[in-house]
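Colleague: I'm new to reading structures, and I keep meeting labels without knowing where they come from. Could we go through one model together and ask what stands behind each label?

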Amino acid sequence: MPLELYLDLHSQPCRSVFIFAKKTNIPFDFKFVDLATGQQYGEDFGKISVVRKVPVMRDGDFILTESVAILKYLAEKFGTSDSDHWYPADLQKRARVNEYLSWQHAAMRAHGSKVFWFRAIVPIITGSDVPKEKMDSAMEDLTLSLKVFEEKFLDNRPFIIGEKISLADLVAIVEIMQPVGTGLDLFENRPTLSAWKDRVKKELGEALFDEAHKTIMDVASLPQTFENNGMLEFLKPKIQKMFN
């Protein structure tokens, strides 16, 4: 029985799991969970995961949530000597991957997601742009995360652990691409970041990279989707919390 991966490629963590499974030729069944329609809150998905978030992996009777846990599980279960670079056996290289994966939750992921919501989702819900001071503050946080990423985690290396791509680079690129999907060019005037992105895209394969990011690069379709499925009213309380 092949793995089942419950995914929506609007989600950064889902994209990382999707790309890794495809790139490393892990057989899986793609189970689409439509976040824009609230499918994760339905009864059927609740039987899969009480967390009600994606991604979710099912390997036989074993169900796993959280993208980082899923990525590590897949790397360790299906890894070979040729694919060791994704999650290296070498103690210090693995520690470097874990360091980035631990840091990014409250930094790159949090800040990139906030900018994405402010630029793409909040205006749909409220009918107006986010106040300038709040947008400026969100951009400052994201800019700082990008600076730390370049200066600490890349530190003039081709990839985070050195010469080869790892899970850390994969998780980083999908998070950075989230605000890029709103039309914000984060690579402009950042030659180090831009060169790294090109290397990551080449290692993953341009076709796979573009396949995974096609959905997020078309966020202009979200307003009509939300209007059609009633998610506007559902999301309003969540948006209000951001500004209270």
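Modeller: Happily! Let's begin with histidine 111, which has a relative accessible area of 19% and is buried. Keep in mind that this is a predicted model.

Colleague: Why is histidine 111 called buried?

Modeller: Buried means under 20% relative accessible area. Histidine 111 has 19%, so the label is buried. This histidine 111 belongs to helix 4, residues 91–126.

Colleague: What makes the pair of histidine 111 and serine 145 a polar contact?

Modeller: The cut-off is 3.5 Å between N or O atoms, where one must be able to donate a hydrogen and the other to accept it. The side chains of histidine 111 and serine 145 are 2.8 Å apart, and they make a polar contact. Beyond four places in sequence, histidine 111 is in contact with Ala106, Asp141, Leu142 and Ser145.

Colleague: Let's turn to the sheet. How do you know that strand 1 and strand 3 pair?

Modeller: At least two bridges are needed for a pair. Strand 1 (residues 3–7) and strand 3 (residues 56–59) have 3 bridges and run antiparallel. Leucine 5 stands opposite methionine 57 of strand 3. Methionine 57 also has a bridge partner in strand 4, namely leucine 64.

Colleague: And what makes strand 3 and strand 4 a pair?

Modeller: The same kind of test: at least two bridges are asked for, and here there are 4, in the antiparallel sense. Strand 3 and strand 4 form a hairpin with 2 residues between them, and glycine 60 in the turn has a positive phi of about 65°.

Colleague: Which strands stand at the edges of the sheet, and why?

Modeller: The sheet is open, with 4 strands in the order 2-1-3-4 and mixed pairing. Strand 2 and strand 4 each have a single partner strand, so one side of each has no neighbour in the sheet, and these two stand at the edges. On average, neighbouring strands are turned by 20° against each other, direction ignored.

Colleague: Where do helices meet this sheet?

Modeller: Helix 1 lies across strand 1 and strand 2, at about 150° to strand 1. Helix 3 (residues 67–78) touches strand 1, strand 3 and strand 4, and its direction makes about 130° with that of strand 4.

Colleague: Now the rings. How many aromatic pairs are there?

Modeller: The count comes to 10 aromatic pairs. One of them joins phenylalanine 18 and phenylalanine 30, with 5.8 Å from centre to centre and 75° between the planes.

Colleague: Why is that pair of phenylalanine 18 and phenylalanine 30 called edge-to-face?

Modeller: Ring centres must lie within 6.5 Å, and planes over 60 degrees apart count as edge-to-face. With 5.8 Å and 75°, phenylalanine 18 and phenylalanine 30 meet both conditions. Phenylalanine 18 is in helix 1 (residues 12–23) and phenylalanine 30 in strand 2 (residues 28–32), so the pair ties together parts 12 residues apart in sequence.

Colleague: Are phenylalanine 18 and phenylalanine 30 buried or exposed, or in between?

Modeller: Phenylalanine 18, at 4% relative accessibility, counts as buried. Phenylalanine 30, at 35%, counts as partly exposed, because that label covers values between 20% and 50%.

Colleague: What makes phenylalanine 149 and tryptophan 196 an edge-to-face pair?

Modeller: Their ring centres are 4.9 Å apart and their planes are at 70°, so the pair is edge-to-face. Phenylalanine 149 in helix 5 (residues 132–154) and tryptophan 196 in helix 7 (residues 191–204) are 47 residues apart. Phenylalanine 149 is buried at 0%, and tryptophan 196 is buried at 0% too. Ring pairs link both into a cluster with Tyr100, Trp103 and Phe153.

Colleague: How do you know that the charged end of lysine 152 sits over a ring?

Modeller: The charge has to be within 6 Å of the ring centre and within 35 degrees of the ring normal. The charged end of lysine 152 is 5.2 Å from the ring centre of phenylalanine 153 and sits over that ring.

Colleague: One last label: why is asparagine 189 called exposed?

Modeller: Exposed means over 50%, and asparagine 189 has 73%, so exposed is the right word. Asparagine 189 is in the loop between helix 6 and helix 7, and has a positive phi of about 65° although it is not a glycine.

Terms used
Residues are numbered from 1 along each chain as its sequence is written. This is a predicted model: local features need pLDDT of at least 70, side-chain atom pairs count only at pLDDT 80 or more; totals for chains, interfaces and linings use all residues. Side-chain values use heavy atoms; hydrogens and water are left out. Buried means under 20% relative accessible area, exposed over 50%, partly exposed in between (1.4 Å probe, protein chains only). Contact means heavy atoms within 4.5 Å. Rings of Phe, Tyr and Trp (its six-membered ring) pair if their centres lie within 6.5 Å; planes under 30 degrees apart count as stacked, over 60 as edge-to-face and the rest as tilted. Axes are lines fitted to C-alpha atoms, for helices over the stretch in contact, and angles run from 0 to 180 degrees between N-to-C directions.
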